[in-house]
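Student: Please take one stretch of this model and look at its side chains closely. Then show me how the contacts elsewhere fit around that picture.

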Amino acid sequence: VRAHWQAYARTIGLRENEDKAKTWVKGARNRDALRVRLGPHANIVDNIEILGVAMADDANPRRKPTPTEKKRLDEATVALRRTRHLPHGWTGKTAFIRAAVARASYGWLTRPPTVQHGDALTKLAFLASGLPAAADRHLAAIILGHMADAGFATGYATAMTTIRHHQQPGHEPNKAILRTTTAWMRRYGWHSDGPTRWTHAGMDATIDVMIDPDPTAARRTRNGYSHLLREAWRRHHFHRWSNSKRRDAAQAEHPEYDERRCRAARRYADGPHSAAVLTAATVSDAAYAVMTGNAGAHHCSFCGAPHGHWLHQAWRCPANPPPVSEPTDPLQRRL
């Protein structure tokens, strides 16, 4: 095939890509034999890349990133570190964060990046956002959005590609991509019930991908599945916070996830101050005194009351009147 293509390329005058020709073969012994046959200057590679996507059919989760994958991860890392120092407000920084994560999330079809790679980028995204260090990482992930979470964004792109591919009439099932999708979805509570069917017990939801020759109906179905994937991710992070040992989770009485309330919270997180409150980064004077080892200075800085705890300062302090009456719901009272 290569010889025929080179002969045809010379016929039509294509010469600029002759030095980019690559030959792929699996196995070190086969590579050595092929190098003897093609000569020392042959460009023999370990994996095939098409449009920057590594097509290596490798289920090993410890497989090292290919040079192209590593380059994208490194570029996203640099971009997130630079974003931390940009002279922009909340809206501008979150836009840059999502753009940087999008750079790293492209092209992971035959396996997702390791959890360590995803967590490292997500931590950098948190630092770049400017949220206080006391903010809960899981609540911060929800507020920053799913496209700022590298671990989610990479798998989400693969999952939507899987769904789109298996909706098309005459498609060929791709076991490698299905395996990648199933492994990623398992992180957020999905369980495989078949080759292209997944269920989520906590959400009482099912993603059942079937052939659909109607493009409009297929797109509508994909949009519904896309929403379920995002909700499963938000539910996962909310439960990680709610079931944690943090003081604010206990004060909120370890609530269950509510999609409607989560949507409202995300809508109101329109700046660094509201985001700090919604991610439990704010603490009372009494808690701050304990945190800094100055337990004696726990009075309210607004009115001088002897007990400057959260309920007093947020809802009951006469010198800092709240905009609404004190809520009875423990989650709203804390966040």
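Tutor: What follows starts with a loop and its flanking helices, then moves outward.

This is a predicted model, where local features need pLDDT of at least 70, side-chain atom pairs count only at pLDDT 80 or more, and totals for chains, interfaces and linings use all residues. Residues are numbered from 1 along each chain as its sequence is written, and side-chain values use heavy atoms, leaving out hydrogens and water.

Start with the loop between α10 (247-251) and α11 (259-268). Helices here are DSSP runs of H or I with at least four residues, strands are runs of E with at least two, and both are numbered from the N terminus. Glutamate 253 is found in this loop. Its phi is positive, about 60 degrees, although the residue is not a glycine. Histidine 254 belongs to the loop between α10 and α11 too. Its phi is also positive, at about 45 degrees, and again this is not a glycine. For context, most residues other than glycine have a negative phi.

How open are these two sites? Glutamate 253 is exposed, at 53% relative accessible area. Histidine 254 is partly exposed, at 39%. The cut-offs are under 20% for buried and over 50% for exposed, with partly exposed in between (1.4 Å probe, protein chains only).

Tyrosine 257 sits in that loop as well, but it is buried, at 11%. Its partner is phenylalanine 238, in helix α9 (residues 215-242). Phenylalanine 238 is buried too, at 9%. The two rings form an edge-to-face pair, 5.7 Å centre to centre, with 65 degrees between the planes. Rings of Phe, Tyr and Trp (its six-membered ring) pair if their centres lie within 6.5 Å; planes under 30 degrees apart are stacked, over 60 edge-to-face, and the rest tilted. The partners come from α9 and the α10-α11 loop, so the pair ties together parts that are 19 residues apart in sequence.

Now the flanks of the loop. Arginine 246 forms a salt bridge with aspartate 248, and the closest N and O atoms are 2.9 Å apart. A salt bridge needs a side-chain nitrogen of Lys or Arg within 4 Å of a carboxyl oxygen of Asp or Glu. Arginine 246 is partly exposed, at 25%. Aspartate 248 is buried, at 6%. Asp136 joins them: Asp136, Arg246 and Asp248 are linked in a salt-bridge network.

On the other flank, arginine 263 bridges to glutamate 259, with a closest N to O distance of 3.7 Å. Both lie in helix α11, 4 residues apart, which means about one helical turn separates them. Arginine 263 is partly exposed, at 41%. Glutamate 259 is partly exposed as well, at 32%. Cysteine 262 is buried, at 9%. The charged end of arginine 267 sits over the ring of tyrosine 268, 5.3 Å from its centre. That term requires NZ of Lys or CZ of Arg within 6 Å of the ring centre and within 35 degrees of the ring normal.

Next, the wider picture. The structure holds 7 aromatic pairs. Ring pairs also join Phe152, Tyr156, Trp184, Tyr188 and Trp233 into a cluster. Arginine 334 places its charged end over the ring of tryptophan 310, 4.3 Å from the centre.

Salt bridges number 9 in the whole structure. One of them joins arginine 197 to aspartate 193, with the closest N and O atoms 3.9 Å apart. Arginine 197 is partly exposed, at 31%. Aspartate 193 is also partly exposed, at 45%.

How many disulfides does a search of the whole structure find? It finds 0. A disulfide would need two cysteine sulfur atoms within 2.5 Å. Cysteine 303 is in none; the nearest cysteine sulfur, that of cysteine 317, is 3.7 Å away. Cysteine 303 is partly exposed, at 35%.

Finally, the surface. Trp24, Ile48, Ile50, Leu51, Met55 and Tyr106 form a nonpolar patch, with about 610 Å² of accessible area together. Patch members have over 30% relative accessible area and no salt bridge; like charges are joined within 9 Å, nonpolar side chains (Val, Leu, Ile, Met, Phe, Trp, Tyr) within 5 Å. The areas come from the Shrake-Rupley method with a 1.4 Å probe, and for residues only the protein chains shown count as cover. Leucine 51 lies in the loop between β3 (49-50) and β4 (53-54). It is exposed, at 74%.
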